[in-house]
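Trainee: I have a new model open and no idea where to start. Can you walk me through it?
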Amino acid sequence: MSEVVISIENLSKTYQLGAIGTGTFYGDLKRWWARQRGLPDPYQKIGEKNHHNKIGETIWALRDINFTVSRGQAVGIVGRNGAGKSTLLKILSQVTAPTKGVVKAKGRIASLLEVGTGFHSELTGRENIFLNGAIMGMSRAEVRRKFDEIVDFSGVEKFIDTPVKRYSSGMYVRLAFAVAAHLEPEILVVGEVLAGGDAEFQKKCLGKMDDVAHKEGRTVLFVSHNMSTVAQLCNWGIFLRDGQVANIGDIETIIQAYTQVVTENNQTEVFFLPREDSVVSFTRFSMQGSSGETKRVFSSGEEFYFVIDYEVKEPLLRDYFSLLISRADGLVVLKAAEDDYGRKVPEGKKPGRYQVKIRFPGNVLNEGVYKFRVAFGKRRGVFHEDRHGFSFEIEDWNDYTNSSFGKRNGVLLFPLDWSEEKVGEYSPQHAASE
């Protein structure tokens, strides 16, 4: 049996809602006295909401969490925003304390939770590497042996003696991950901060985490909304829902359970408020069947339409739409643009309200759950608008997707052209000579 390195027993975390203390006894007393007389909060900032009516209320970020993690496991923690994922990682990393329950960990823990965590902004990159090593209980000699490897992986060698307060967020993430992964912790905890890095560095980080877990036998806890990334790295999963464990098991089961919850709302359209800071504003996304009815579930052989309503405030020149379709686990299926294959896009658009329909033919997508995203802008990625839509579903259509070979696998379904002709007679001598 594998050695248990993390044990969570009846873990709960609660937060109290309402106003935060002013920092001084006199300030708190002054605020209390104003509240007793029905006067405004003297310390309330401009534009800040008054939360006095919520004083005394509490919210459970986590409630009765129980699980264990063995050495060498790569565990994916998934769930919607607000499910408690970040709170769980903060407790494991000893950034915050639980309200109740027991957390036991065996070995050193290195964490990468958010940009800036564990770094001192006034120190240089070099000094922060040694500082993190000291925090983890490593000697200066041990850190020095790993120093060149950390700097090389991060790609910030040119700026290693610059205070990190002058780093961009991408440079911060690069160096922080390199430090966390290379100082040989027994447990590596990685939050959603990796989403801020570029695609090449994300791939590099995933490769390193894979080595840490599967080659070096250490433990990785990874939080992400990208299910294809989670499936690639992790072999075990925890699904959090409303601060509680909804499911624990192999990663395929967990992703399937999470995807099912994401698509429970049966949304068929989404509305947006017009943006004041843009000359173009999306106002509504919907999906329609071939007869014009609004829906989100289509058979695999059925054509359907993405419908985008939008407003234009000022005249536009040579702007175009783009559509991205991805599977529910995050795998990108298709990215298409209005000017693909030399198609001419109207060069002028006057102020007004418009509606565009994008036809998607039948017999292209296999059964499954998908998401879409629409952008409007210029060819070089400068967009006036860029919005996520909602989930839609393709159902199995027996006439096409089932055959004598069984159910079709994969994302695409469209039929291929097949041709066959006889090119000669069978000859045993000819076969032998080949």
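Trainee: Let's start with Ser-286. Which residues is Ser-286 in contact with, leaving aside neighbours within four places in sequence?
Mentor: Thr-268, Glu-269, Thr-294, Tyr-305, Phe-306, Val-307 and Phe-390. Keep in mind that this is a predicted model.
Trainee: Where is Ser-286 found?
Mentor: In strand β11, which covers residues 280-289.
Trainee: Is Ser-286 buried or exposed?
Mentor: Buried. Its relative accessible area is 0%, and buried means under 20%.
Trainee: What about another serine, Ser-391? Where is its place?
Mentor: Ser-391 sits in strand β20, residues 383-395. Ser-391 counts as buried because its relative accessibility is 10%. Look at Lys-371 too. Ser-391 and Lys-371 are 20 residues apart in sequence, and their C-alpha atoms are 4.4 Å apart in space.
Trainee: Let me zoom out. How many helices and strands does the protein chain have?
Mentor: The chain has 10 helices and 22 strands. It holds 434 residues, and 40% of them count as buried.
Trainee: And the contacts over the whole chain?
Mentor: Take the contacts between residues at least 6 apart in sequence. Of those, 71% join residues at least 24 apart.
Trainee: What does the accessible surface come to?
Mentor: About 25000 Å². Carbon and sulfur atoms account for 50% of it.
Trainee: Now the inside. Which residues touch the most other members in the largest nonpolar core?
Mentor: That core has 50 residues. The ones touching the most other members are Ile-129, Leu-175, Phe-177, Leu-188, Met-209 and Phe-222.
Trainee: Which helix gives the most to this core?
Mentor: Helix α5, residues 169-182, with 10 residues. Another core lies apart from the largest one. That other core has 29 residues, including Val-374, Phe-376, Ile-394 and Val-411.
Trainee: Back to Ile-129. Which residues of helix α3 are buried?
Mentor: Helix α3 runs over residues 125-135. Its buried residues are Gly-125, Asn-128, Ile-129, Phe-130, Asn-132 and Gly-133.
Trainee: What covers them?
Mentor: The cover includes α4 and α5. Just after α3, Gly-137 takes a positive phi of about 85 degrees.
Trainee: Pick me a residue in α4.
Mentor: Try Phe-153. It lies in helix α4, residues 140-154. Phe-153 is buried, with a relative accessible area of 10%.
Trainee: What does Phe-153 touch, not counting residues up to four places away?
Mentor: Phe-177, Ala-178, His-182, Phe-201, Lys-204, Cys-205 and Lys-208. Phe-153 and His-182 are 29 residues apart in sequence. From C-alpha to C-alpha they are 9.2 Å apart.
Trainee: I see plenty of rings. How many aromatic pairs are there?
Mentor: The count comes to 23 aromatic pairs. One of them joins Phe-239 and Tyr-258. Their ring centres are 5.9 Å apart and their planes stand at 85 degrees, so the pair is edge-to-face.
Trainee: Which parts does that pair tie together?
Mentor: Strand β8, residues 236-241, holds Phe-239, and helix α8, residues 251-262, holds Tyr-258. So the pair links parts that are 19 residues apart in sequence. Both Phe-239 and Tyr-258 are buried.
Trainee: Give me another pair.
Mentor: Phe-304 and Phe-360 are stacked, with 5.2 Å from centre to centre and 10 degrees between the planes. Phe-304 lies in strand β13 (residues 304-312) and Phe-360 in strand β18 (residues 352-360), so this pair ties together parts that are 56 residues apart in sequence. Phe-304 is buried at 2% relative accessible area, and Phe-360 is buried at 8%.
Trainee: New topic: backbone angles. What phi does Asn-363 have?
Mentor: A positive phi of about 60 degrees, although Asn-363 is not a glycine. Most residues other than glycine have a negative phi. Asn-363 sits in the loop between β18 and β19. It is buried, with a relative accessible area of 17%.
Trainee: And Asn-10?
Mentor: Asn-10 has a positive phi of about 50 degrees and is not a glycine either. Asn-10 lies in strand β1, residues 4-16, and counts as partly exposed at 45% relative accessibility.
Trainee: Last one. Which residues form the nonpolar patch on the surface with about 490 Å² of accessible area together?
Mentor: Phe-25, Leu-29, Trp-32 and Trp-33. Trp-33 is in helix α1, residues 25-36. At 46% relative accessibility, Trp-33 is partly exposed.

Technical notes: Residues are numbered from 1 along each chain as its sequence is written. This is a predicted model: local features need pLDDT of at least 70, side-chain atom pairs count only at pLDDT 80 or more; totals for chains, interfaces and linings use all residues. Side-chain values use heavy atoms; hydrogens and water are left out. Patches are made of residues with over 30% relative accessible area and no salt bridge: like charges are joined within 9 Å, nonpolar side chains (Val, Leu, Ile, Met, Phe, Trp, Tyr) within 5 Å. Accessible areas come from the Shrake-Rupley method with a 1.4 Å probe; for residues, only the protein chains shown count as cover. A salt bridge is a side-chain nitrogen of Lys or Arg within 4 Å of a carboxyl oxygen of Asp or Glu. Helices (H or I, at least four residues) and strands (E, at least two) are DSSP runs, numbered from the N terminus. Buried means under 20% relative accessible area, exposed over 50%, partly exposed in between (1.4 Å probe, protein chains only). Contact means heavy atoms within 4.5 Å. A nonpolar core is a set of buried Ala, Val, Leu, Ile, Met, Phe, Trp, Tyr and Cys residues joined through side-chain atoms within 4.5 Å. Rings of Phe, Tyr and Trp (its six-membered ring) pair if their centres lie within 6.5 Å; planes under 30 degrees apart count as stacked, over 60 as edge-to-face and the rest as tilted.
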